Every structure is written in C-alpha cells, then in structure tokens.
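Please take a moment with the sequence and the coordinates below before reading on. The paragraphs that follow begin at one side chain and work outward from there.

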Amino acid sequence: MVETAIENVAVAGEAEGLAVRRRRRRLGLGFWLPVAWIGLVVFGALTADLWPLPAPETIDFLKRAALPGTIGEIELAGQTELSEFRYLLGTDNVGRDILSRLVHGARVSLLIGLLSPLIGLLVGGALGVLAGYYRGRVESIVVASMDVILAFPALALLLAIAFYLGPSLPNLIFALGFLSVPASARVARANTLSLARREFVLAAKAMGASDLYILVREIVPNVLMPLLVFAMLLVAVLIVAEGTLSFLGLSVPPPTPSWGAMIEEGRELLDQAPHVTLIPAAAMCLTVLSFNLIGDRLRGLIDPRESRL
C-alpha cells in the first residue's frame, strides 16, 4: 500500500512537471503579438530609405499640422517637380511627413534602446560575475564602484557630456550605457552568488577545473538568460529615457528625427492638432509595452515559480 502511494506521488510529480513544460512551450499571443510589432518596427527602420516617402526633413509649408490622409504637393526623392502626395499620418508643426519621420526616428530609438543595454550587459555583466564568483576584495571594489555610479546624478552626467562633447547619438548611447552598468552588474552578481554554490560548480572545482573554465562553461551560460530578460526591460526604460531627454534638449540634435523629439515638437499643438504628438507617442508606447511583455514572458519561462501560476 505504501509502494502504491509512492508510485502515485511519483506519477503526479511527473504529470505536474510535464504540465509545467507544456505551459512553458505555449508562448501565446501575449508573446507573439509583441514580437510581431517589434519586427515591424525593426523592418521599418531598416528599410526606411526604400519607402516611397519624402525625406524626413522635407517641409510642405502649405500643409502644416495637416490631418492624416491630407493630400499635398511635395518634391519626392529623385524628382525635380512637385508631385501629389497623400500624408497617411499627417504632417507635424512645420509640415514634415509624420510617417517618414516615424520610420526614420525608429532608428534612433532602437539604436539607443539596444546598444546602450548592450554596453551595460557586457561591462556590468562581466564585473558582476567576477564579483559574485571571487567575493572578497574583488566583490568589495566592484560593489563600491557600482554604488558610486548609482549615487552620481545621471542628469548631471548627461549635461556634462552634452556640454563638453556635444549632443549626438554616439555620446547619448555611451552615456546611457554607462548608467546601465550598475543595474546589470547587480543582476549578474546576484545570479552568480547562487550558482557558485551549486553542485555542478562544486564538482568542477573538485575535478581540478580552472576558474576560467568554470566561469566560461558553468557560470556565464547560466547567468546569460537572466541578463537577457533584464535587458528586455532595460530596452523599454531607455527608449522612454530618450523621449524624456528630448524635452531637456539632451537627445540627438535636429534635424535628425527621433520619437522623443517628435513628441516634444508637437506639445504646443495638443489642443489644435493632437495627432502630431499622439502618433509618435503611440508608437513609443506600443514598442515599450512590447519589450516589457516579451521580458515578462521570458522571465516566466526561466522562473519555475511563475510557470506554475
């Protein structure tokens, strides 16, 4: 009778494990719809120059703040005469095509949102792994350095870079990447601390494996997934940060389009032409929401506690 109970418990455990694995495989629309939107944004940014649209800085003085669907006359790329053109999303406050600026501005938002976290992951992830594995003096130095960066006012750093180096896309990417290092280091360190006590790491040490081998083969592959999930959330934060910095004049300088700059330029027309601000704001909102949903779903896949919910 006891053996039967044990077998029933084992079967129930296997069934529960199988159900958890099946739930992990079912990503659902909550994952694929955000992926589709991100894919559409990336595709638009990569092919922006191939679209039959006017250049993002081309101005139609007769169609300022025009509503979506308005028809105007403008000189298209490769032409010397005015041609009839329909502004599918309307024009901004000075008569520039919103759709053209939207797809070109996606490049800025994606570059900032993807390259800045990459800097944080590479630098912060490496420092966090070393601090969590070696502990002692190495950990003290890394933790103290990260605390200093966190304590330094981020806005003061951005103002100093803009003043001495000038506001530009590379400078902004570097500054935001530098500011994202401490958070990435903390995530990497926390995961390394738990992994360093796991059986497979202890077994590798007992077999005489070098520290480099253990870090590269045992620690880093297991830390990488939590860092990638954190990076998804960090991408969303930095895209919003670029939009915020545009209001302070610390983002990319004009005439380079960016979603944050488009929102800032249309704020004076919210009562007369709200679409000038709301359209780029909607694009930013959907992109940020998509990265958050993808990050949450990936976190659910690697966290068994959330997979049971």
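**From one tryptophan outward**

In this predicted model, Trp-259 is in contact, once its neighbours within four places in sequence are left aside, with Val-41, Leu-102, Gly-105, Ala-106, Ser-109, Glu-242, Pro-280, Ala-283, Met-284 and Thr-287. Trp-259 also belongs to the largest nonpolar core, which has 27 residues, and it is listed there among those with the most contacts inside the core, together with Leu-102, Ile-239, Met-284, Phe-291 and Leu-298. Two or more residues of this core come from each of α2 (29-46), α3, α9 (211-247), α10 (259-265) and α11 (275-302), and α11 gives the most, with nine residues. Apart from this core lies another, of 15 residues, including Leu-158, Ala-175, Leu-234 and Leu-245.

One of the contributing helices, α3, can be followed from end to end. At its N-terminal end Asp-97 acts as a cap, with a side-chain oxygen 3.1 Å from the backbone nitrogen of Ser-100. A kink of about 25° in α3 is centred on His-104. At 1.5 Å a residue, the 37 residues of α3 (residues 98-134) should span 54 Å, and because the end C-alpha atoms are 53 Å apart, the two values agree. After α3 comes Arg-135, whose phi is positive, near 55°.

For the chain as a whole, the secondary structure comes to 12 helices and two strands, and the elements run from the N terminus as α-α-β-β-α-α-α-α-α-α-α-α-α-α. Of the 309 residues in the chain, 42% are buried, while the chain exposes about 17100 Å², of which carbon and sulfur atoms supply 67%.

Methods: Residues are numbered from 1 along each chain as its sequence is written. This is a predicted model: local features need pLDDT of at least 70, side-chain atom pairs count only at pLDDT 80 or more; totals for chains, interfaces and linings use all residues. Side-chain values use heavy atoms; hydrogens and water are left out. Helices (H or I, at least four residues) and strands (E, at least two) are DSSP runs, numbered from the N terminus. The expected span of a helix is 1.5 Å times one less than its number of residues. The bend at a residue is the angle between axes fitted to the seven residues ending there and the seven starting there. A polar contact is a pair of N or O atoms within 3.5 Å; within protein, one must be able to donate a hydrogen and the other to accept it, and residues adjacent in sequence count only if both atoms are side-chain atoms. A nonpolar core is a set of buried Ala, Val, Leu, Ile, Met, Phe, Trp, Tyr and Cys residues joined through side-chain atoms within 4.5 Å. Buried means under 20% relative accessible area, exposed over 50%, partly exposed in between (1.4 Å probe, protein chains only). Contact means heavy atoms within 4.5 Å. Accessible areas come from the Shrake-Rupley method with a 1.4 Å probe; for residues, only the protein chains shown count as cover.
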